[in-house]
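Here's a quick briefing to go with the model you have open. Grab your viewer and follow along.

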Amino acid sequence: MTDLVVRKLRWEFDATVPFLWQPSSPSFGMFCNVFTFIAVPFERYLIKALRTAQDRFDESPGIATEADAFLRQEGQHAAAHRKHMAALIEQYPGLQRAYDAATQSFDDLIAAHPVEFHAAYIANLEATFTPLFKVILDNRDSLFDGADGRVAALMTWHFVEEIEHRSSGLMLYRHLSDDPWYRVRQVRPTFGHIGEVAAAIARVVDEVVPFEQRGVSAEQLMSMRLLVDEFKYRGPGGRRRKALRGGPATLFDTVPTGDLAKMVWRLALSQLPNHDPAEQPLPAWAGTWMAEYERGTDMTTFTHTGKSAP
C-alpha cells in the first residue's frame, strides 16, 4: 500500500495577493510565480497522460494504489495553484496567454508521443524536485522571510508533498517500461520542452506585468544561465562581479555555496539510469510540516517559521 496522504486543503487567494509577494527576494518570488503557471498545466498533463495507462497500472494492485494516490495529490496541487494563478490573472488579464500557451504545449506533447514517453518525462522531471526543494526548505527562513504568508504556505505545502511522492513517477515508469535507458534518452527532450514552456511564460510575464510590480525580469531569471550565474558571483572576485552586475539579488543568493553545490550534483545524479529519489537526503522540516498537519494545524496559513500567517 502507498504511504502517500491526499490532503485536501482549503486554499483562498484573491486580488489582494500581490504579484511581488516576496519583496525581500524578487527573484525567488518570480521563480515561484512562474512555477505556479507551469504547475497548473503540467499537473493537468501528468494526470491526463498517465490516466491513459490505467488499465496497465491495474495489473498490479500496489501500482494501481500508488498511481491513484499520486494522481490525486497532483490534482490537489493543480487546483490550489489554479486559485493562485486566477488571482494573478484577475490583476493582469494578459497573463491568461501564458497559461493558454503552456496548456497547448502540453496537449501537443500528449498527441505526439506514446505513454512510455510521458512516464519518462514525468519521472525525469519529478526526480529533480527532491534536491531542488530540499535546498529551498532547508533555507526557508532566508528565502521566505518578509513574504506574503498565503503564497509561502502554498509553496511549502507543494514542495513537501513533491518530496513525499518523490519516487511515484519512477515507480509508474518502471511498471510501463523495463528499459532505464529509454528514460535517460528522454532527458534532453524533457528539459528542452519544460525549458521552452518556462521561457514562454516568462516572456508573457515581462510583457504584461510592469517592472516596478515584479522587480526582476522573468525571462532573464528563467534562462538556462540561472545556475551558472549563481556560481559566477561566488568565490574569489564574486562580490565585485555582483556589484558590477547591479540589480536584484539572484534566486539563491542567500543559500550557502555548499548547499548549492550539493544540489547541482544531486540534480545531475537524478538523471542516471539507476537513480531512485527514495535514496536521496530529505529536508528535516518536511517531517515538521507533516506533523503539524496531523495535529490539525491550518496548513494554508502555516509558514516556514512554524507560525500561522496573520
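What follows is a short tour of some helices, how they pack, and a few residue pairs.

Keep in mind that this is a predicted model. A good place to start is helix α1, which covers residues 26-51 and is largely enclosed by the rest of the structure, since 22 of its 26 residues are buried.

**Helix α1 on its own**
- The length of α1 checks out: 26 residues at 1.5 Å a residue should span 38 Å, and the end C-alpha atoms sit 37 Å apart, which agrees.
- There is a kink in α1 of about 30° at Ala39, and the proline Pro41 comes shortly after that point.

**How α1 packs**
- Two packed helices are described by the angle between their axes and the distance between the axes.
- For α1 and helix α3 (residues 61-91), the axes come within 8 Å and cross at roughly 145°.
- That contact of α1 with α3 breaks down by class into 13 nonpolar, 6 polar and 5 charged residues.
- As for handedness, α1 passes α3 in a left-handed crossing.
- Helix α5 (residues 115-138) is another partner to look at: its axis and that of α1 come within 12 Å and cross at roughly 150°.
- With that angle, α1 runs roughly antiparallel to α5.
- The crossing of α1 and α5 is left-handed.

**Helix α5 with helix α8**
- Helix α8 spans residues 168-176, and it packs with α5 at an angle of about 155°, the axes being 8 Å apart.
- These two helices, α5 and α8, are therefore roughly antiparallel to each other.
- Their handedness is easy to state: α5 passes α8 in a left-handed crossing.

**Helix α7**
- Helix α7 takes in residues 149-164, and its 16 residues should span 22 Å at 1.5 Å a residue; the end C-alpha atoms are 22 Å apart, which agrees.
- Burial is the other thing to note here: 15 of the 16 residues of α7 are buried, so this helix is largely enclosed by the rest of the structure.

**Residue pairs that come together in space**
- Leu9 lies in the segment before α1, and at 17% relative accessibility it counts as buried, because the cut-off for that is under 20%.
- Leu9 and Met299 are 290 residues apart in sequence, yet their C-alpha atoms are 7.4 Å apart.
- Ala15 also has its place in the segment before α1, and with a relative accessible area of 36% Ala15 is partly exposed.
- From Ala15 to Ala87 you count 72 residues in sequence and 5.1 Å in space, C-alpha to C-alpha.

**Residue pairs with wider spacing**
- Glu90 sits in helix α3, and Glu90 counts as exposed because its relative accessibility is 55%, where the cut-off is over 50%.
- Glu90 and Thr128 are 38 residues apart in sequence and 32 Å apart in space, going C-alpha to C-alpha.
- Arg241 is found in helix α13 (residues 238-245), and its relative accessibility of 27% makes Arg241 partly exposed.
- For Arg241 and Val184, the separation is 57 residues in sequence and 36 Å between C-alpha atoms.

Conventions: Residues are numbered from 1 along each chain as its sequence is written. This is a predicted model: local features need pLDDT of at least 70, side-chain atom pairs count only at pLDDT 80 or more; totals for chains, interfaces and linings use all residues. Side-chain values use heavy atoms; hydrogens and water are left out. Axes are lines fitted to C-alpha atoms, for helices over the stretch in contact, and angles run from 0 to 180 degrees between N-to-C directions. Helices (H or I, at least four residues) and strands (E, at least two) are DSSP runs, numbered from the N terminus. A crossing is left-handed if the near helix is turned anticlockwise from the far one by less than a right angle, and right-handed if clockwise. Ala, Val, Leu, Ile, Met, Phe, Trp, Tyr, Cys and Pro count as nonpolar, Asp, Glu, Lys and Arg as charged, and the others, Gly among them, as polar. The expected span of a helix is 1.5 Å times one less than its number of residues. The bend at a residue is the angle between axes fitted to the seven residues ending there and the seven starting there. Buried means under 20% relative accessible area, exposed over 50%, partly exposed in between (1.4 Å probe, protein chains only). Angles under 35 degrees count as roughly parallel, over 145 as roughly antiparallel, 65 to 115 as roughly perpendicular and the rest as oblique.
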